[in-house]
Structure formats: structure tokens, C-alpha cells
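Good morning, colleagues. I should like to take you through one structure, beginning with the chain as a whole and then turning to a few selected places within it.

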Amino acid sequence: MAEPSSDDPVVTGPQDRSRRELLLQASTAALALSLPGTAALADDAPALPAEGAPFLGHTVPDLARALAKRPYAAPRTDDLPGALTGLNREQYNAIRTVPGSAIWANEAFGFTLEPLHRGSVFTGRVALALVEDGTVRPLAYDRARFEAEGIALPEFKDDPGYSGLRIRARFDGGELTDFATFQGASFFRLVATGQGFGVTARALTLRPADSRGEEFPELRAIWVERPGPGGPLVLHCLVDSPSATAALRMSLRPGGASLCDVEGTVFARAAIDHLGLGGMTTSYFFGPYDRRGADDARAGAYASTGLQIRTGANEAIWRPARNPETLQVSSFVDDNPKGFGLMQRARSYADFEDDVQHWEWRPSLWLEPFGAWGPGAVTLLEIPSDSEFNENILAYWRPKASLAAGTEYAFGYRQHWCWQPPEAPPVALVSGTRSGKAKGEGNRRLFLVDFTGDILFADPDLQPILLTSPGTVAAPTLYRYPDRKTVRVSFELDTGGEKTCELRLVLKRGEALVTETWLYRWTP
């Protein structure tokens, strides 16, 4: 099998003026940091730890708490020359780390760090520092770290800092390959063995698709602990936004399923009634049940097939992702969820027939909360997209409770960046969704939903439970394929002229559920 590309296919290419890029342009506000050795977040804000200062477990939370007590200060956006801000994505991608110059390149840690240059849409400044023997060693800008084919990097009078961080790792003792990036707003991404970058996580999400306008919290500083032999890579992140600050401790382990444990605290600068935890974004352009506007030779173009949820009551839910004509917001109300994630279930080349993007290599991202999260809702946003490069699907947990100004909110979770989630539900999974115009007159829609699992053939007595609101559905027909361990459910939907129909399908045996609950929102 060909090796996955190390480039990020979601954010590269000459046609990329994607939604993510627009979000980054809208969120370039960053704190005006001075030289890393004596960095200050703003004139009256607490200073970042200087060279040789002790670094303790409460260092970043104390910084975030103190920063939240001060008014938000919009940083400068004019400190980069036009030669950098005017770069298109291809030109920016030409700025690379000089081979052998990565941090820890000559160490046996299994990780290397590559500070990322500022430029293009990545104009925000992130202070970077190492933590060694309990003390801080800030990383000052070093032009010698970079080579830029066809681009003349400017000389700087003052330290311009960096825009983020790339991490490479040795998976199973192999060669160093891409493992993680932290760059742009509060975005970060990981991959597992053999994967290419796909789904993007957010350190903090505030007011997405809100009439008051979304806030895009920004990474202000990252401290990276010097790892021990065979240990994880631990990062401490400071996040800032007009409504809140946050401190996060992140423990990263590469592998066949890469893990990221996140422990954080949000400090409310203002009242917050729309907080998102565990935010993740992905792209869905077209696929087998939704080819709207896609005159394309390929079979599909999407980084994630849909949203998987394991509720507090242990119900397994599957919601296929869509590229709708209008913005769609769905809330799956729950109490103490066991997990959720944006999953890539299409793992065959034939699912896409794409020789460049190889969507079948993209990670699934499954999140498991630490402790009880209480009442709230897994929230899904589906945004119309005219490009495969747009990250137009967003999922996150929205706590029911609001935060008052001056209060703190602690949380934690584990992310599995994986090929498959760590524990499959004890039921048959949704393995396919297809939709098209039904035969005959009218505007009826035909749906084909496939469930796959051994449990389906333990006893042939299966009862489909199919509901829609509004609209009506014809009695479903079951087609059994024991050789594929699959049962297909075929049914037709009569929308009755409605603009939205909520569909729900599950197979039962007696009172027991034997499949995931398939949920689908039909819109024209």
C-alpha cells in the first residue's frame, strides 16, 4: 500500500480558500507577546515564566486565572511584513524545517519538535517553551531553523515568535513521522500509525453557529515537558478569548490508536451560556447518500462518515454526516455520556476511488469523558460546503449549565485517534447508508440502511422499529446477507411536502436492541 502523505490534504492545494481558512482569518487576534525570555501577554497581564523560572503543576492554571480577571486585550495584527501575510497556502507550505534541526533530533526520546513559522493565515503568535528539570527554557525565534524554497524569509529586528508546533514521533520504533500539530486558533490534530491528518480537535469551543457570533479561542503559549524514556509527551497550553481563558494539560501517546488525555479548566471572563467541550471538526463533501452538487468521478469525498454516540443510558447511536443546503444544528440531549466522536467507517479504497486524498486513511476521533459530565447535549453542526477542503462538520459536548463571570469549570477526557474505537458496542453497527429518489410518481425517497454484526444471525426474529417526524414511511423490507453478516433495511419516506424529517431506525429482538440506533435528518 502506498504511504500516506505527510501533507495536510484538508488545508493544502491551490483551490484551498476553505471555511477553515476563513475561520483562521477571523480568529487571528493573538496576545502581543514580547521576547519569549521575558514574555508578557499584555501591558497589564501576568508575565509568562522567564528563562530558568520554576514550572509547577499550577503554573498555567494560575496564569489563566489571573489573565481572566483582566479585560480581554486584542493583540496586534500588523507585526508581520506583507511578504509573509501575503503568502498563499502553497507558498507557506514551502517553509519547512531544515533537516536535522528539530528539537531533540539527536535525543532518543522518540519525539521531535518543530516550531512553525508565522505567515499566510497563521499570523497569531504562540509562545513556545520547554520544561526541563522543572524549569522553563523559552524557545526564541531562530531563522536558521527554516528553509523556504522560492521564498526569501525576512530579517526581523524583534523576535516574531512562532505560529505553533509540529510533533513527529517514532511509531513502534520506526522512522520519525508526523504525529501531531498545534496551529491556528486552538486547533490541534493527531494521527495513529499509518494515517494521514484529517479530523481536527479544538481546545475550547465558544458559541458556534450562535446568532451573537462565534468566538475562536486562541492558543497563547505551549510548554512542552522533556519526556522520560518510553513516556508520553506532556504539553501545557494557555488559551485566551474575549469570554474566557483556559489552562490545559495534554498527555500524548502515539500508537496504533494514539491517545491524548486532556485535563483542563475554563476561567470565565464573562458569563458563558454556550460552552463547547471536546470540539472536533471534519469534512463531508459528498458520499453514497448525499451527492448534492457533486459532478465528480470519485465515489466519495469525506474525512468522516458520521457521528457516533454512546449515551449515559448505554444506547449506541449513529448519525451519518451530511452536506446540507442550509445550516443544520442537531442536539442529542444526554446525561453523563459515555463517549462520542466523528468516525471514519469507510476504510476501502473503493469507497472513494481517490488516488490523491486517500480519505480511507483519515483518523476516527473517539472521546471518553473523565468522570461525570452531568446533563447537556452532544451537538452536531452541518454546514453547507462547495469544496472537499472545507471542514464543515462540527461536533462537541454542550453542558446544560451556564458559567457565571468569574467562575471556573474543570473537565477532562481521553481522545482516541484511531482506526476503530477502543470498544465496539455490543450490537450490530451501521455499515452503510444510501438514499435516492424512489420509483414512481411523487417525491418519495428510498433509503437503504445496512447493519453488520454476528448478533443479527443468532436468531432470525428481528423487528425493525422505524419512525419519522413529520412525514410517513412505508413498511420496511429486510434483506439478509449471512455471508456478509449484514441485514439491509429498505424503506421509502414520504415527506408530505415538509422541509425536514427526523428519521429513527433500530432493529430489536423481543425487547432487546440488537443494532445501533440510526438517526437521520432529511432535508431537501
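Of the 524 residues of the protein chain, 57% count as buried. Please bear in mind throughout that this is a predicted model.

Let me continue with the overall architecture. The secondary structure of the chain amounts to four helices and 34 strands. Its radius of gyration is 24 Å, close to the 24 Å that the globule rule gives for 524 residues, so the chain is as compact as a globular protein of that length. Along the principal axes, the C-alpha trace spans about 70 × 50 × 45 Å.

Contacts and surface come next. If one takes the contacts between residues at least 6 apart in sequence, 68% of them join residues at least 24 apart. The chain exposes about 21200 Å², and carbon and sulfur atoms supply 50% of that area. As for charge, there are 54 positive and 65 negative charges, and their mean positions lie 3 Å apart.

I now turn to the helix α2, which covers residues 59-68. Which residues of α2 are buried? They are Thr59, Val60, Leu63, Ala64, Leu67 and Ala68. These residues cover an arc of only 160° around the axis, which puts them on the same side of α2. What covers them includes four strands: β11 (218-225), β12 (233-240), β13 (244-253) and β14 (258-268).

One of these strands, β12, deserves a closer look. Leu238 is located in β12. Is Leu238 buried or exposed? Its relative accessible area is 0%, so Leu238 is buried, the cut-off for that class being under 20%. Leu248 is ten residues from Leu238 along the chain, and the two C-alpha atoms are separated by 6.7 Å.

For contrast, consider the loop between α1 (19-26) and α2, where Pro54 is found. With a relative accessible area of 58%, Pro54 is exposed, because that class begins over 50%. Which residues does Pro54 touch, leaving aside those up to four places away in sequence? They are Thr59, Gly134 and Thr135. Thr59 has already appeared among the buried residues of α2. Ala148, by comparison, is 94 residues from Pro54 in sequence and 36 Å from it in space, C-alpha to C-alpha.

To close, I would set two residues side by side on the screen: Leu238, buried in β12, and Pro54, exposed in the loop that leads from α1 to α2. Thank you for your attention.

Note on methods. Residues numbered from 1 in each chain as written. Predicted model: local features only at pLDDT ≥ 70, side-chain atom pairs only at ≥ 80, totals over all residues. Heavy atoms only, no water. Buried < 20%, exposed > 50% of the residue type's maximum accessible area, 1.4 Å probe, protein only. Contact = heavy atoms within 4.5 Å. Rg over C-alpha atoms; globule rule 2.2 N^0.38 Å. Areas by Shrake-Rupley, 256 points an atom, 1.4 Å probe, with all protein chains shown as cover. Lys, Arg positive; Asp, Glu negative; His and termini not counted. Charge placed at Lys NZ, Arg CZ, Asp CG, Glu CD. Arc of directions from axis to C-beta.
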